[in-house]
Amino acid sequence: MRRAIFVLTLAGVLLFSAVATGFSLYYRLAYVLLLALTGGFLWAWLNLRWLTVTAEHRTLRTQVGRPIEERIRVMNRGWLPKSWLEVTEAIDLPAHHSARVISLPAGGFRSWRVRTLCLKRGVYSLGPLRVVGGDPLGLFRLERSFQDQAKVVVYPATVDIPAFSLPVAALEGDALLRRRSL
């Protein structure tokens with residue numbers, strides 16, 4: 001955004017100089033800069049329209065030492081191709097990396113799987129998914145959020161005890177008894 005303000009200020013100075021001096025080159029440069037600003041904003045705005053972004057979580061409960069898996073899918077429902085889209089997920093799970101930069105053809109989609117090993121127990125929030133788009137000159141950077149938050153619960157790790165076996169109930173008969181087995 002700072003670049004856009006700088007270019008707008010430069011276009012204003014050129015326009016003021018053109019009016020003050022009457023030199024036609026200043027007019028042309030100011031028009032080119034204003035056209036670049038307008039086109040850049042329009043490009044960045046259209047880059048984020050007609051998108052469908054979803055994240056499918058296989059499970060929302062796991063244990064420490066086991067992975068959590070999700071599939072992120074970005075679909076372009078429009079007739080314009082999308083370029084320079086950065087897809088990130090706001091998540092507080094340690095060691096989770098789901099960010100990706102993609103380009104989409106008209107009517108196309110991209111899908112990828114994210115697998116994160118859970119290292120610490122707790123309750124973590126998944127989402128929302130954010131898509132950031134911009135223009136080729138880097139003047140504008142617009143952002144849009146998709147999908148609601150979900151919670152994932154990471155339980156403590158469990159350890160199998162090989163020599164431990166549960167006793168079998170030693171109750172005789174077919175009838176329902178109202179007492180516990182020994």
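Is Arg 141 buried or exposed? I looked this up before anything else, and Arg 141 counts as exposed, at 60% relative accessibility.

**Entry 1: the model.** I am working from a predicted model. The mean pLDDT of the protein is 88, and 91% of the residues reach at least 70. I checked the ends of the range as well: helix 1 (residues 2–21) has the lowest confidence, with a mean of 89, and strand 5 (residues 100–104) has the highest, at 94. I keep in mind that coordinates should not be read in detail where pLDDT is low.

**Entry 2: salt bridges, total.** I find four salt bridges in the structure. Oppositely charged side chains can pair when their charged atoms come close. I went through the pairs below.

**Entry 3: Arg 141 and Glu 86.** I looked up the partner of Arg 141, and a salt bridge joins Arg 141 to Glu 86, with 3.2 Å between the closest N and O atoms. Arg 141 belongs to strand 8 (residues 141–146) and Glu 86 to strand 4 (residues 82–91), so this pair ties together parts 55 residues apart in sequence. For Glu 86 I note 25% relative accessibility, which counts as partly exposed.

**Entry 4: Arg 130 and Glu 143.** Strand 8 comes up again here. I note a salt bridge between the side chains of Arg 130 and Glu 143, at 3.5 Å from N to O. Arg 130 is in strand 7 (residues 122–134) and Glu 143 is in strand 8, so the parts tied together are 13 residues apart in sequence. I checked the accessibility of both residues. Arg 130 is partly exposed at 31%, and Glu 143 is partly exposed at 48%.

**Entry 5: Glu 69 and Arg 58.** I find the side chains of Glu 69 and Arg 58 in a salt bridge, 3.6 Å from N to O. The pair links distant parts of the chain, eleven residues apart: Glu 69 sits in strand 3 (residues 67–76), and Arg 58 sits in the loop between strand 1 (51–57) and strand 2 (61–63). Which of the two is buried? Glu 69 has 19% relative accessibility and therefore counts as buried, the cut-off being under 20%. Arg 58 has a relative accessible area of 59%, so I enter Arg 58 as exposed.

**Entry 6: shared partners.** I then looked for salt bridges with a partner in common. Arg 58, Glu 69 and Arg 115 are joined into one network by salt bridges that share partners.

Note on methods: Residues are numbered from 1 along each chain as its sequence is written. This is a predicted model: local features need pLDDT of at least 70, side-chain atom pairs count only at pLDDT 80 or more; totals for chains, interfaces and linings use all residues. Side-chain values use heavy atoms; hydrogens and water are left out. Helices (H or I, at least four residues) and strands (E, at least two) are DSSP runs, numbered from the N terminus. Buried means under 20% relative accessible area, exposed over 50%, partly exposed in between (1.4 Å probe, protein chains only). pLDDT is the predictor's confidence in each residue, from 0 to 100.
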